[in-house]
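Trainee: I would like to learn how to read pockets, a helix and cysteines in a model.

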Amino acid sequence: MNRQVQPQLDRSVHLNFTGDWGQANFHRICSWLCQEVCDRTEKGSRVGIWNLIAGADSPIAVSKGEMDLCIATPVQMLPGALAGEGIFEGNPLPRLRTLAILPQTDRMVFAIDPKYGVTTFEELREKKPPITLATSEDDGVNLIGYTAARYLEAHGIDRATLESWGGQLITDTRPEQSVFRMRDGEVDALLQEAYMTPWWRDAVDKRSLVFLPAEDAALTQLEEQYGWPRATIPANFWDGQTEDLPALNFSDFAVLVRDDMPEDLAHLLTWCLVETREIIEQQFRHIPPQHSPLSYPLEPQRMAAAPIPLHPGAARYYKDAGIIR
């Protein structure tokens with residue numbers, strides 16, 4: 001990697017970023033990025049960070065030109081966004097471009113109270129226990145809830161199925177809301193992402209949760225129908241989890257802009273993302289890497305490996321830096 005000369009814009013900029021709900025990782029990343037950009041533009045620059053659902057609404061807002069930059073996860077959703085598939089059906093976003101991918105290892109996983117004596121999805125379907133399941137809402141915007149609903153369907157389960165067993169589905173917006181319900185005994189089954197967080201570990205420790213391995217046929221269906229890759233949670237990640245756990249990948253943050261962002265601004269933003277990455281890394285280094293919500297160290301080659309096209313300004317940075325050809 002060739003160290004690049006620090007860019008400087010000879011004008012001020014007014015930008016609007018969309019982060020998350022306000023207290024999670026997207027906002028932290030946006031705060032880092034807006035300071036670095038304002039340091040390298042003329043006085044009078046202003047950057048606002050907006051709270052949205054942090055689902056499909058964020059890339060839609062960027063594509064419409066209502067926002068200048070957003071962060072989205074998981075990156076496996078992005079090809080569908082360009083094509084108008086999946087949660088973006090009927091609403092293609094072909095103008096989205098990537099500045100960088102911020103690697104983040106995440107999985108979607110199903111856990112259940114041990115009182116039911118269920119260890120597989122096959123046993124769950126056979127026993128039909130009256131479980132109360134917490135997850136995120138499948139409302140056409142929430143990417144977590146959309147993924148969770150398709151995950152359940154691939155395993156032959158949906159809301160009607162749960163209700164026919166005498167159970168119910170309880171939905172929230174944010175992942176920790178569902179996990180706290182499990183931790184506090186409000187529900188006895190959980191389907192969520194953010195598996196590396198302290199919330200999950202607290203729930204696992206308090207409830208001695210059992211994790212159901214994702215079925216191979218279900219993962220194949222999700223991969224073939226939506227392009228979502230499978231993944232594994234290594235044995236002993238949680239106490240009592242003695243074997244590798246097949247799961248659905250839910251990884252990586254994408255920093256997205258629109259194709260008409262000025263080339264020099266997109267170049268500057270990308271330079272800041274890569275060349276000042278140490279600043280955001282150090283905010284997570286007190287957390288063991290396997291439990292960090294942002295993977296570190298950030299590797300420029302991975303940051304450039306976007307599943308949708310790079311903005312030309314980002315591509316210029318990566319080429320000049322010798323990261324891509």
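Mentor: We take the pockets, then one helix, then the cysteines. This is a predicted model, in which local features need pLDDT of at least 70, side-chain atom pairs count only at pLDDT 80 or more, and totals for chains, interfaces and linings use all residues. Residues are numbered from 1 along each chain as its sequence is written, and side-chain values use heavy atoms, with hydrogens and water left out.

Trainee: How much space lies in the largest pocket?

Mentor: Rolling a probe the size of a water molecule over the atoms shows where empty space is left. A pocket here is an open set of points on a 1 Å grid over the protein atoms alone, where a 1.4 Å probe fits, with protein on both sides within 12 Å along at least five of seven lines. The volume is the space filled by probe spheres set on the points, which are joined across faces, edges and corners. The largest pocket holds about 760 Å³.

Trainee: Which residues lie nearest its centre?

Mentor: Trp21, Ala24, Asn25, Trp199 and Pro293 do, out of 37 lining residues; lining means having an atom within 4 Å of a point. Helices H1 (25-38), H5 (143-154), H7 (175-183) and H8 (198-207) each give two or more residues to this lining. Helices are DSSP runs of H or I with at least four residues, numbered from the N terminus.

Trainee: How much space lies in the second largest pocket?

Mentor: About 190 Å³. Its lining includes Leu209, Phe211, Asp239 and Leu245.

Trainee: Is H5 mostly covered or exposed?

Mentor: Mostly covered: 11 of the 12 residues of H5 are buried (under 20% relative accessible area). Among them are Tyr146, Arg150 and Tyr151. At the N-terminal end of H5, asparagine 142 acts as a cap, with a side-chain oxygen 2.9 Å from the backbone nitrogen of isoleucine 144. Just after H5, glycine 156 has a positive phi of about 75°.

Trainee: How many disulfides does a search of the whole structure find?

Mentor: A disulfide is a covalent bond between the sulfur atoms of two cysteines. The test is a pair of cysteine sulfur atoms within 2.5 Å, and the search finds zero.

Trainee: Why is cysteine 30 not bonded to cysteine 34?

Mentor: Cysteine 34 has the closest cysteine sulfur, but at 7.7 Å from the sulfur of cysteine 30 it is too far for a bond. Cysteine 30 is buried, at 0% relative accessible area. For cysteine 38, the closest cysteine sulfur is also in cysteine 34, and 5.9 Å is too far for a bond. Cysteine 38 has 26% relative accessibility and counts as partly exposed (between buried and exposed, the latter being over 50%, with a 1.4 Å probe and protein chains only).

Notes: A polar contact is a pair of N or O atoms within 3.5 Å; within protein, one must be able to donate a hydrogen and the other to accept it, and residues adjacent in sequence count only if both atoms are side-chain atoms.
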